[in-house]
Amino acid sequence: MLNNNTKDQHIVPVCYLRNFCAEREQEKKNPKTWCYDKLSKRSKFIGVESICYSHKIYSINRNSEIIIDNSIKDKETIFESHYLHDIENAYAPFLKDVIDCLLKHKFSGEQKRKLSTFIAIQYLRDPMIKGLCSWKEEPFCSLTAEYNKLIEEHPEIKEDPSMMHYMYAYGNKELITLMTKTMATYEWTFFYDMNDGFYTSDSPLCRGYEKLDNGKKKEHLLFPISKNILLQITKGFQVN
C-alpha cells in the first residue's frame, strides 16, 4: 500500500497481488512478479508495489462539503488512505488463510461472505466504474433509485467524479452489503492449476456469458484468487 502522502494510488491491492508471486517472493516486503505491459508489449520482473496504480485516482480535487469523515482536513483527500487502507489491512491475512484452506479443499460460509465483500469492493473501486458510472446496474443488482436520490440530495457531487465514486460505489456500505449478500447466494465454482497457470490484471474481475441451448445466456463473474485458484460465480444458479 502506498503511504498517505503519495498521489499514486493502487487500484488493485498489494495484499492481493502477492498471491501471484512465486513462493520465494511472497514473504518479501515488495515481492516481485512478471508483469506484461500492454503498451510497450514487453514483460518485466517488477515489485508489486510498482504496478496496478494510477495517479490521484481516489483524490478529491476540490473542497467538497460532503467529506464523510469530518476529521479529515486534507482538501485533496486520498480516500484510499482512510478507507481502502483499512480494508486491505483486514484482508491481507484473510486472503492468505482462505487460499491455504482452498488448496486443502476447505471453504466455510463465513469465508464465502467475507470474500464476497472483498470482491464487491474490488469491483467498485475499479477506475472503469468511476469513468462509466456503471455501478447503477453492476453487478447482479440495481440501485438506480438510490443513485437518483443521492444526486437529488447532493447535486454538487456530479462535478466531482472521485467523490461520487467514493460515496456511491466503493464507500457505499449499503451497496457493498447488497452485493455481498447477492453474490453469496449464487453458485461458486473453484478451478485449480498447480502449475501457476492463472494470471490477474489491473482489472481482475471479468464478466462473461455462456449461451444456453434455449437461446438464453448464463452470466459468469470470473475472479483469479491466486496463481493456482480461479473463482467462477454463476448468476442465475442460486444456492440456499
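# Exercises on a predicted model

A nonpolar surface patch of about 270 Å² is made by Leu 103, Tyr 192 and Met 194. Patches are built from residues with over 30% relative accessible area and no salt bridge, where like charges are joined within 9 Å and nonpolar side chains (Val, Leu, Ile, Met, Phe, Trp, Tyr) within 5 Å. Accessible areas come from the Shrake-Rupley method with a 1.4 Å probe, and for residues only the protein chains shown count as cover.

This is a predicted model, in which local features need pLDDT of at least 70 and side-chain atom pairs count only at pLDDT 80 or more, while totals for chains, interfaces and linings use all residues. Residues are numbered from 1 along each chain as its sequence is written, and side-chain values use heavy atoms, with hydrogens and water left out.

## Exercise 1: the whole chain

Task: find how many helices and strands the protein chain has, and what share of its residues is buried.

Solution. Start with the secondary structure: the protein chain has 8 helices and 8 strands. Helices (H or I, at least four residues) and strands (E, at least two) are DSSP runs, numbered from the N terminus. Next, turn to burial: of the 240 residues, 47% are buried. Buried means under 20% relative accessible area, exposed means over 50%, and partly exposed lies in between (1.4 Å probe, protein chains only). Then look at the surface, where the chain exposes about 13100 Å², with carbon and sulfur atoms supplying 50% of it. Finally, consider contacts (heavy atoms within 4.5 Å). Among those with a separation of 6 or more, 64% are between residues 24 or more positions apart.

## Exercise 2: a hairpin

Task: describe how strand β2 is joined to strand β3.

Solution. First locate the strands: β2 covers residues 32–37 and β3 covers residues 42–47. They run antiparallel and are joined by 6 bridges; two strands pair if DSSP finds at least two bridges between them. Within this pairing, Cys 35 stands opposite Lys 44 in β3. Now follow the chain through the turn: β2 and β3 form a hairpin with 4 residues between them. Lys 41 in that turn has a positive phi of about 60°.

## Exercise 3: salt bridges

Task: find how many salt bridges the whole structure has, then examine the pairs of Lys 227, Asp 100 and Arg 207.

Solution. A search of the whole structure finds 5 salt bridges. The term stands for a side-chain nitrogen of Lys or Arg within 4 Å of a carboxyl oxygen of Asp or Glu. Side chains of opposite charge can pair when their charged atoms come close.

- Step one: Lys 227 pairs with Glu 23, their closest N and O atoms being 3.0 Å apart. The pair links distant parts of the chain, 204 residues apart: Lys 227 is in the loop between β7 (217–224) and β8 (229–238), and Glu 23 is in helix α2 (residues 23–26). Lys 227 is buried at 5% relative accessibility, whereas Glu 23 is exposed at 52%.
- Step two: Asp 100 pairs with Lys 96, with 3.7 Å between the closest N and O atoms. Both lie in helix α3 (residues 79–103), 4 residues apart, about one turn of the helix. Asp 100 is partly exposed at 34%, and Lys 96 is partly exposed at 46%.
- Step three: Arg 207 pairs with Glu 219, the closest N and O atoms being 2.3 Å apart. This pair links strand β6 (residues 206–211), home of Arg 207, to strand β7, home of Glu 219, 12 residues apart. Arg 207 is partly exposed at 30%, but Glu 219 is buried at 9%.

## Exercise 4: two buried residues

Task: describe the surroundings of Thr 234 and Leu 102.

Solution. Begin with Thr 234, which is found in strand β8. Thr 234 counts as buried because its relative accessible area is 1%, and buried means under 20%. Its side chain makes a polar contact with the side chain of His 220 (3.2 Å) and another with that of Gln 232 (3.4 Å). A polar contact is a pair of N or O atoms within 3.5 Å; within protein, one must be able to donate a hydrogen and the other to accept it, and residues adjacent in sequence count only if both atoms are side-chain atoms. Leaving aside neighbours within four places in sequence, Thr 234 touches Tyr 186, Glu 187, Lys 218, Glu 219 and His 220.

Move on to Leu 102, in helix α3. Leu 102 is also buried, with a relative accessible area of 1%. Beyond four places in sequence, Leu 102 is in contact with Phe 107, Phe 190, Tyr 192, Ile 225 and Ile 229. Tyr 192 lies in strand β5 (residues 186–192) and is partly exposed at 31% relative accessibility.
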